[in-house]
Amino acid sequence: MMDRAGVYLIINTKEKKIYVGESLNLRRRYLEHKRKLHKNQHCNTALQEDFNNLGNNNFIFRKLIILNFDTENKKEYVKDLLKELEKRIIDYISTNTKIQLYNIDTDTENNAQNFYYLHQA
């Protein structure tokens, strides 16, 4: 059985903000995001707030990287690879563009949550 894994974007087309995510099952993850946003239950409060204020028509879901894998043999490898790709994409966007990200970095040392932003020049 082959699953379609990958890295995806949820794009706020009105305010040009992006959420970067990864999943071993892109379709299932897309449907999960959609359901939670429509039920006002998404764990990312900034994304949820913008979705509530701007509406469904201002958000799109795009697959950025697609990987096919054999569930039995390569699941752990693909999961690690996806996490690394997601991190690199977030780091690239946050340091090389003016795009604001919804992604949250949890600093376990002081238990603070910080949004990834472009460094201010």
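In the predicted model, Lys83 is partly exposed, with a relative accessible area of 43%, and its side chain is engaged in a salt bridge with Glu22, the closest N and O atoms being 2.9 Å apart. This pair links distant parts of the chain, since Glu22 belongs to strand β2 and Lys83 to helix α3, with their positions 61 residues apart in sequence. Glu22 also meets Lys79 in a salt bridge, at 3.3 Å from N to O, and here too distant parts of the chain are linked, with Glu22 in strand β2, Lys79 in helix α3 and a separation of 57 residues. The relative accessibility of Glu22 is 9%, so the residue counts as buried, the limit being 20%. Lys79, by contrast, has a relative accessibility of 26% and therefore counts as partly exposed. In general terms, side chains of opposite charge can pair when their charged atoms come close.

A further salt bridge is found within helix α3, where the side chains of Arg88 and Glu84 meet at 2.7 Å, N to O. Because Arg88 and Glu84 are 4 residues apart in helix α3, about one helical turn separates them. Arg88 is exposed, with a relative accessible area of 56%, whereas Glu84 counts as partly exposed at 35% relative accessibility. The structure holds 7 salt bridges, and Glu15, Lys17 and Asp50 are linked in a network of such interactions.

Strand β2, which carries Glu22, is mostly covered, with 7 of its 7 residues buried. The burial extends to both faces of the strand: Lys17, Tyr19, Gly21 and Ser23 lie on one side, Ile18, Val20 and Glu22 lie on the other, and all of these residues are buried. As a general rule, the side chains of a regular strand alternate between the two faces of the sheet. β2 is joined by 2 bridges to strand β4 (residues 100–101), and the two strands run parallel; within this pairing, Lys17 has Gln100 of β4 as its bridge partner.

The largest nonpolar core comprises 14 residues, and those with the most contacts inside it are Ala5, Ile18, Val20, Leu24, Val78, Leu82 and Leu101. Two or more residues of this core are given by each of β1 (2–12), β2 (17–23) and α3 (71–96), and the largest share, 5 residues, comes from α3. Leu82, one of the residues with the most contacts inside the core, is in contact with Ala5, Gly6, Val7, Glu22, Ser23, Leu24 and Leu67 when its neighbours within four places in sequence are left aside. A second, separate core of 10 residues includes Tyr8, Ile10, Phe59 and Phe61. In soluble globular proteins, nonpolar side chains tend to be buried together.

Aromatic residues were examined next. The structure holds 4 aromatic pairs. In the pair formed by Phe51 and Phe59, the ring centres are 5.5 Å apart and the planes stand at 50°, so the arrangement is tilted, as angles from 30 to 60 degrees are classed in this way. Both Phe51 and Phe59 are buried. One aromatic cluster is formed by Tyr8, Tyr19, Tyr30 and Phe61; of its members, Tyr8 and Phe61 are included in the second core, while Tyr19 is among the buried residues of β2.

His42 lies in the loop between α1 (26–38) and α2 (45–54). With a relative accessible area of 8%, which is under the 20% limit, His42 is therefore buried. Not counting residues up to four places away in sequence, His42 touches His33, Lys36, Leu37, Leu47 and Gln48.

At the level of the whole chain, the model contains 3 helices and 6 strands, which follow the pattern β-β-α-α-β-α-β-β-β when read along the sequence. Of the 121 residues of the protein chain, 35% count as buried, and the chain exposes about 8,100 Å², of which carbon and sulfur atoms supply 47%. Among contacts between residues at least 6 apart in sequence, 56% join residues that are at least 24 apart. The salt bridges from Glu22 to Lys79 and from Glu22 to Lys83 likewise link distant parts of the chain.

Notes:
Residues are numbered from 1 along each chain as its sequence is written. This is a predicted model: local features need pLDDT of at least 70, side-chain atom pairs count only at pLDDT 80 or more; totals for chains, interfaces and linings use all residues. Side-chain values use heavy atoms; hydrogens and water are left out. A nonpolar core is a set of buried Ala, Val, Leu, Ile, Met, Phe, Trp, Tyr and Cys residues joined through side-chain atoms within 4.5 Å. Buried means under 20% relative accessible area, exposed over 50%, partly exposed in between (1.4 Å probe, protein chains only). Contact means heavy atoms within 4.5 Å. Accessible areas come from the Shrake-Rupley method with a 1.4 Å probe; for residues, only the protein chains shown count as cover. Rings of Phe, Tyr and Trp (its six-membered ring) pair if their centres lie within 6.5 Å; planes under 30 degrees apart count as stacked, over 60 as edge-to-face and the rest as tilted. Two strands pair if DSSP finds at least two bridges between them. A salt bridge is a side-chain nitrogen of Lys or Arg within 4 Å of a carboxyl oxygen of Asp or Glu.
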